[in-house]
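Thanks for coming. I have one structure to go through today, and I will keep to the pocket, the cores and one loop residue.

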Amino acid sequence: MRQTWIGLIHVQPEPDCEVLEQNAYVQAVAWVEEPEDFDAIVRQAAAEYRLHVMCIEDLEPLNVRLRKYDVEQGLLDSVKEIEGTDYLRFGTFHTYPAE
């Protein structure tokens, strides 16, 4: 059964990336059936922005996450846009220097 999943994505910009200059983490939501589908759609979207996905953490259905934590309002607003689609929405990118 498809549902909205949420995960924390760590990305690294590729040399020709025009979106970010530093590593970043970002929450993302997608309407998928299982974790493997989330992984695939995240990696595809990141590649379009010339971002390398280093890892995906804390992946779970959104309804499970909301029982434990707050989720940024902008990301919650985008859930309505993705339900019933193959789209993904990224939240706010938070950059940090590479180690």
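Which residues line the largest pocket? Before the list, note that this is a predicted model. The lining consists of I41, Q44, A45, E48, Y49, D86, Y87, L88 and F90. Two elements, α1 and β4, each give two or more residues to that lining, and α1 has the largest share, with four. Sorted by class, the lining has six nonpolar residues, one polar and two charged. The space in this pocket comes to about 150 Å³.

Next, the cores. The largest nonpolar core has 19 residues, and the members touching the most others are I9, V11, F38 and L88. At least two residues each come from β1 (3-13), β2 (23-32), α1 (35-48), β3 (51-61) and β4 (88-90).

L88 is worth a stop, since L88 also appears in the pocket lining. Leaving out residues up to four places away in sequence, L88 touches A28, V29, A30, I41, V42, A45 and I82. Of those contacts, I41 and A45 are also lining residues.

There is a second, separate core of eight residues, with W31, L62, V71 and L75 among them.

Last, the loop between α2 (62-68) and α3 (73-82), where E72 sits. Is E72 buried or exposed? Neither: E72 counts as partly exposed, because its relative accessibility is 31%, and the partly exposed range runs between under 20% for buried and over 50% for exposed. Outside its neighbours within four places in sequence, E72 contacts G91 and T92. E72 and T92 are 20 residues apart along the chain, with 8.7 Å between their C-alpha atoms.

How values were computed
Residues are numbered from 1 along each chain as its sequence is written. This is a predicted model: local features need pLDDT of at least 70, side-chain atom pairs count only at pLDDT 80 or more; totals for chains, interfaces and linings use all residues. Side-chain values use heavy atoms; hydrogens and water are left out. A nonpolar core is a set of buried Ala, Val, Leu, Ile, Met, Phe, Trp, Tyr and Cys residues joined through side-chain atoms within 4.5 Å. Buried means under 20% relative accessible area, exposed over 50%, partly exposed in between (1.4 Å probe, protein chains only). Contact means heavy atoms within 4.5 Å. On a 1 Å grid over the protein atoms alone, a cavity is a set of points where a 1.4 Å probe fits but cannot get out, and a pocket is an open set with protein on both sides within 12 Å along at least five of seven lines; lining residues have an atom within 4 Å of a point. Grid points are joined across faces, edges and corners, and a volume is the space filled by probe spheres set on the points. Ala, Val, Leu, Ile, Met, Phe, Trp, Tyr, Cys and Pro count as nonpolar, Asp, Glu, Lys and Arg as charged, and the others, Gly among them, as polar.
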